[in-house]
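Thank you all for making time this morning. I would like to walk you through a structure that may be new to most of you, so please have a look at it before I begin.

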Amino acid sequence: MIDIKKLVQKQLNYFLSNVTCDINYRLENLKRLRRAIQNHEKDICEALHKDLNKSDSEAFMTEIAIVMEELNLTIKRLKAWARPKRVNTGLLHMGSSGNLLYEPYGVALIISPWNYPFQLTLVPLIGAIAAGNCAIVKPSELSPSVSGVLAKLIKQNFSEEYICVVEGGIEVSSALLAEKFDYIFFTGSVHVGRIVMKAAAKNLTPVTLELGGKSPCIVHKDASLKLAAKRIAWGKFLNAGQTCVAPDYLLVHKAVKQKLMDYLVAYINEKFNYDLGEEFTRIINKKHFERLLAYLNNGRIITGGIHDENRLFLAPTIIDKVTWEDPIMQEEIFGPILPVLEYEDLDEVLEKIRKRPKPLALYVFSENKDMQRKITNGVSFGGGCINDTVYHIVTPFLPFGGVGESGIGSYHGEASFHTFSHKKSILKQTNLFDIPFRYPAPSNLKKLRLFLKIRKMLS
Ligand code: NAD
């Protein structure tokens, strides 16, 4: 195994040389990364196919294009984002100016999962580079082909004292977490998120935790049902449901349930009628496959349920007659199974969601603005969509992250730059005059009170 202690020290020395802080150096390296991805596009698609049976179109749309868009935006806007910002100081600070300076943390550790192994590794890395950090990247051992391509791509283009990919499983991850980093960015399960936060706490290292959970999808009786069915099926069955923000379960108003089910089944039959998974993303491994098969005993299968263990294929499946108490409603599903629960009283449903851990995403389908507002304002969740699913994470202009058990912090676009930057507040004082009230003396107190009174009257 690579000498991790030595590597971290090497990166720290490089960071302290100040080279990575130079804005032109950052831009040059972001452009280098962009070129490297363009040159390795074929290898990346092949690796995604090998690890997850992702089709080329899905690989491009949900992995490569997202990274390229982040890179293009960051390269275009970085100078503006990194410029110090002036802020108001208030009357008591007359003569002085308030400034925010963005500085890199230092050496960042990025740990990523297997489900979108390319983009969930590189999008945080873009933020780390943009903010001027060095970075050690630990991709998932469960998607070894993509991890291998990432390691090769980074090694060929960056010195290891600046950016380095360290491959391996829990032992490697644990060895990395035993070291002191200046920032830790983790994407993965809630369970491992707790381990990461505990390790970070030892050194008071700031963290971003991008975790998972059960994201509800609510379809109200006034929704545009045909379109809703299409967008729900797309978001749920993309990557065989192995998407952190996939609609985990469906809550549909009783009055429109049958119609929605008919549309969903028709759409699935039309779009996913593949020959036992030829082009459908596979389940990552046997353990997860078996975990998912156990859910098929919950409720009543409306469509799907077909599976092939040799190819780790599980067809898009919808299960009706599910209750809040069923095992499938206790944990994140992370697979192509959509349980359906019906409701009549929306308040009751919102109450139930509020009592559970805060979801990473929530989706609401309704034509009524009051209804949309009631749901989006009435529940705490990371982010989501009105009349769509998953699409909010595809734009680099909306920060993406969870809340409560679904995560801490956010990234994408400018938010990534902020995540990997410390905001240093600087007050620049004038020497032309000196406000006397601040110094302790009885007469100054009277003057200060009078000053504040006048200020209040004026405002
Ligand atoms: P995971 O937590 O098992 O693994 C993530 C990473 O942590 C991997 O690199 C792994 O090697 C490492 N790891 C695993 N066990 C560890 C341990 N004991 N100590 C230290 N490191 C350890 O997650 P996963 O199975 O790869 O991914 C699925 C989960 O990730 C789901 O819960 C999903 O919702 C979540 N996820 C969240 C997002 C998001 O952006 N919020 C994105 C994708 C996936």
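I will go through the charged surface, the salt bridges, the cysteines and a nonpolar patch, in that order.

Before anything else, please keep in mind that what you see is a predicted model, and that the values I quote are computed from it.

Let me start on the outside, where Lys31, Arg35, Lys79 and Arg83 come together on the surface as a patch of positive charge. One of these residues, Arg35, sits in helix α2, which covers residues 23–39, and with a relative accessibility of 45% Arg35 is classed as partly exposed, because that class lies between the 20% and 50% limits.

Staying with helix α2, we also find a salt bridge there, between Glu28 and Arg32, whose closest N and O atoms are 3.8 Å apart. These two residues, both in helix α2, are separated by four positions in the chain, which is about one turn of the helix. Glu28 is partly exposed at 42% relative accessibility, and Arg32 is likewise partly exposed, with a relative accessible area of 26%.

How many salt bridges are there by the rule used here? The count comes to 20, and I would like to pick out a few others from that set.

Consider the salt bridge between the side chains of Glu405 and Arg194, at 3.7 Å from N to O. This pair ties together distant parts of the chain, 211 residues apart, with Glu405 placed in the loop between β16 (383–386) and β17 (407–408), and Arg194 in helix α8, residues 190–202. As for how open the two partners are, Glu405 is partly exposed, its relative accessible area being 39%, whereas Arg194 counts as exposed at 51%.

Another salt bridge joins the side chains of Arg311 and Asp308, with an N to O distance of 3.3 Å. Here Arg311 is partly exposed at 33% relative accessibility, while Asp308 is buried at 15%. Beyond such pairs, there is also a network, in which Lys257, Arg300, Asp320 and Glu342 are joined by salt bridges that share partners.

Now let me turn to the cysteines. As a reminder, a disulfide is a covalent bond between the sulfur atoms of two cysteines. By the rule applied to this model, the number of disulfides is zero. Why is Cys134 not bonded to Cys21, which holds the closest cysteine sulfur? The two sulfurs are 8.7 Å apart, and that is too far for a bond, since a disulfide would require them to be within 2.5 Å. Cys134 itself is buried, at 0% relative accessibility. Cys164 is not in a disulfide either, as the nearest cysteine sulfur, which belongs to Cys134, is 11 Å away. Is Cys164 buried or exposed? At 7% relative accessibility, Cys164 is counted as buried.

Finally, let us return to the surface, where Leu91, Met94, Leu432 and Phe433 make up a nonpolar patch of about 430 Å². Among them, Met94 is found in the loop between β1 (85–87) and β2 (97–104), and its relative accessibility of 41% places Met94 in the partly exposed class.

To look back over the surface, then, we have met a patch of positive charge that includes Arg35 and a nonpolar patch that includes Met94. With that I will stop, and I am glad to take questions.

Technical notes: Residues are numbered from 1 along each chain as its sequence is written. This is a predicted model: local features need pLDDT of at least 70, side-chain atom pairs count only at pLDDT 80 or more; totals for chains, interfaces and linings use all residues. Side-chain values use heavy atoms; hydrogens and water are left out. Patches are made of residues with over 30% relative accessible area and no salt bridge: like charges are joined within 9 Å, nonpolar side chains (Val, Leu, Ile, Met, Phe, Trp, Tyr) within 5 Å. Accessible areas come from the Shrake-Rupley method with a 1.4 Å probe; for residues, only the protein chains shown count as cover. A salt bridge is a side-chain nitrogen of Lys or Arg within 4 Å of a carboxyl oxygen of Asp or Glu. Lys and Arg count as positive and Asp and Glu as negative; His and the chain ends are not counted. The place of a charge is taken as NZ of Lys, CZ of Arg, CG of Asp or CD of Glu. Buried means under 20% relative accessible area, exposed over 50%, partly exposed in between (1.4 Å probe, protein chains only).
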